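Grab a coffee and work through these exercises with the structure open beside you. Try each task yourself before reading its solution.

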Amino acid sequence: MRIYLDNAATTPLSDKVLEAMLPFLKNNYGNPSSSHQEGRTARAGIERARKIVAQSIGASTSEIFFTSGGTEANNTAIKCAIRDYKIERIISSPIEHSCVFNTVNRMKNENIELQFIQLDQFGRADLEHLKELLENSDKKTLVSLMHANNEVGTLNPIKKIGEICGENNALFHTDTVQSIGHIPIDVSSLNINFLSGSGHKLHGPKGIGFLYVNKENCIDAYIDGGGQERQVRSGTENVASIIGLGKALEEAILHIEEFRLKIETIRNYFIEQLKTNFPEIIINGDYEGKYLFTILNVSFNTNTPVNMLLFKLDLKGISASGGSACNSGAVKSSRVLSYLNIPDGYHSIRFSFSHYNTIEEVDYTITQLKTIV
Ligand SMILES: Cc1ncc(COP(=O)(O)O)c(C=O)c1O
């Protein structure tokens, strides 16, 4: 038996998504740029998926560009905004996902000023500081702040951030890779210029994502070639994965309330059991306030290092994580947690849930944690 509590790293593909993708991996093999029937079938599938993605966030189809995932979408938003809008300064936070954090840092080499916003104890951006930074400079600015933090689940108030950016003539990019499909987002009522999402965090395939670009903010080509994705991102489309992303978002939105209730029930029961059995734990992030319910980051007062805790859990059939998934598979100390002042002697595990998890799985995990921690 395996218990999968690492859904913030990736999620299992849903049966419905697989079912939707299969015809496009086998019979509907046409190149969407071809004008014959096979090509038209593939094109129609892509455009249906684009419509679903657009509708799911209140955008229009012309504002959605498919990418190879959240990483590419975030890189594109930041690099194209800088190139096409003559950005001179970026305001971001030190606890963004590495694909944003490393990108904004690299932009310093292009003479772009980088300022990090102050965070509260939960990792939430300080809006007064944002206002101050924006009001005290005339530099053309891009603000890049994520919606839900992928390690601790704290939510940033993207509506207010958008308003502050709008009032100060700054562009706003937000990474919604963790929150999309779990928390309703309607760009038509938010002042957002760029927004990114990814398929594999919501039971869709890996290696597919999208970038929303507000119609006021056209971007030029960043991958040249045959002109796919409206001349912006060339390359023959990843048809089956695009279909899968569309289906995954459709399912997530259709069941948004049902899945939220199920996951919240499991999460709340887990918190209650943790507090009963490990009275000294610290739960990181704004877990009682404004949080993403799929993520629970817990610090245990133990001498056992986190990689050993995770190894022992894995041996018992439980998959969790020490922070974000890292490409080497090694557990590095977390940059995000280093900003949240966790006391010495504590070791942190991220448990992250999906609607496939059960109360029985929580009971088993608690039993195993009692022998391991
Ligand atoms: C907040 C956040 N942004 C971006 C990404 C990267 O997305 P992808 O894996 O699709 O490249 C992740 C993935 O872990 C994430 O959690």
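**Exercise 1.** Find out which residues of helix α4 are buried, and what they pack against.

*Solution.* Keep in mind that you're looking at a predicted model. Start by going along α4 (residues 98-106) and picking out the buried positions: V100, F101, T103 and V104. Next, look at what sits against them: these buried residues pack against α3, β3, β4, β5 and β6.

**Exercise 2.** Write down the strand order of the seven-stranded open sheet, and work out why one side of β2 and of β4 has no neighbour there.

*Solution.* Walk across the sheet and you get β2-β8-β7-β6-β5-β3-β4, with mixed pairing. Now check the two ends: β2 (64-67) and β4 (113-116) are the edge strands, and each has a single partner, so one side of each lacks a neighbour in the sheet. Finally, for the twist, neighbouring strands are turned by 20° against each other on average, ignoring direction.

**Exercise 3.** Trace the pairing on either side of β5, then place helix α4 on the sheet.

*Solution.* Take β3 first. Residues 89-92 of β3 pair with residues 141-144 of β5 in the parallel sense, over three bridges. To see the register, put I90 opposite L142 and I91 opposite V143. Helix α4 packs on this sheet, touching β3, β4, β5 and β6 (171-175), and the direction of α4 makes about 150° with that of β3.

Then turn to β6. Strands β5 and β6 are also paired in the parallel sense, over three bridges, and here L142 stands opposite L171.

Last, look at the two faces of β5. T141 and V143 point one way while L142 and S144 point the other, and all of them are buried.

**Exercise 4.** Is β8 mostly covered or mostly open, and which strands does β8 pair with?

*Solution.* Count burial first: five of the five residues in β8 (residues 209-213) are buried, so to speak a mostly covered strand. Split them by face and you find G209, L211 and V213 on one side, with F210 and Y212 on the other. Both faces are covered.

Now for the partners. β2 and β8 pair in the antiparallel sense over four bridges, with T67 opposite G209. Strand β7 (residues 194-198) also pairs with β8 in the antiparallel sense, over five bridges. One pair to look for there is S196, whose bridge partner in β8 is L211.

**Exercise 5.** Describe the shell of residues around the ligand.

*Solution.* Begin with the residues that come nearest: of the 14 around the ligand, these are G69, G70, T71, N150 and S198. Then sort the shell by character, which gives three nonpolar residues, 10 polar and one charged. As for helices, α3 (residues 70-85) gives the most to the shell, with three residues.

**Exercise 6.** Check whether the length of helix α7 agrees or disagrees with what its residue count predicts, then look at its burial.

*Solution.* Helix α7 (residues 239-254) has 16 residues, and at 1.5 Å a residue it should span 22 Å. The C-alpha atoms at its ends are 23 Å apart, which agrees. On to burial: 14 of the 16 residues in α7 are buried, so call this helix mostly covered.

Definitions and conventions: Residues numbered from 1 in each chain as written. Predicted model: local features only at pLDDT ≥ 70, side-chain atom pairs only at ≥ 80, totals over all residues. Pairing = 2+ DSSP bridges. Axes fitted to C-alpha atoms, helices over the stretch in contact; angles between N-to-C directions. Contact = placed C-beta atoms within 7 Å. Near = placed C-beta within 6 Å. Nonpolar A, V, L, I, M, F, W, Y, C, P; charged D, E, K, R; others polar. Expected span 1.5 Å × (residues − 1). Buried ≥ 20, exposed ≤ 12 C-beta atoms within 10 Å, placed from the backbone.
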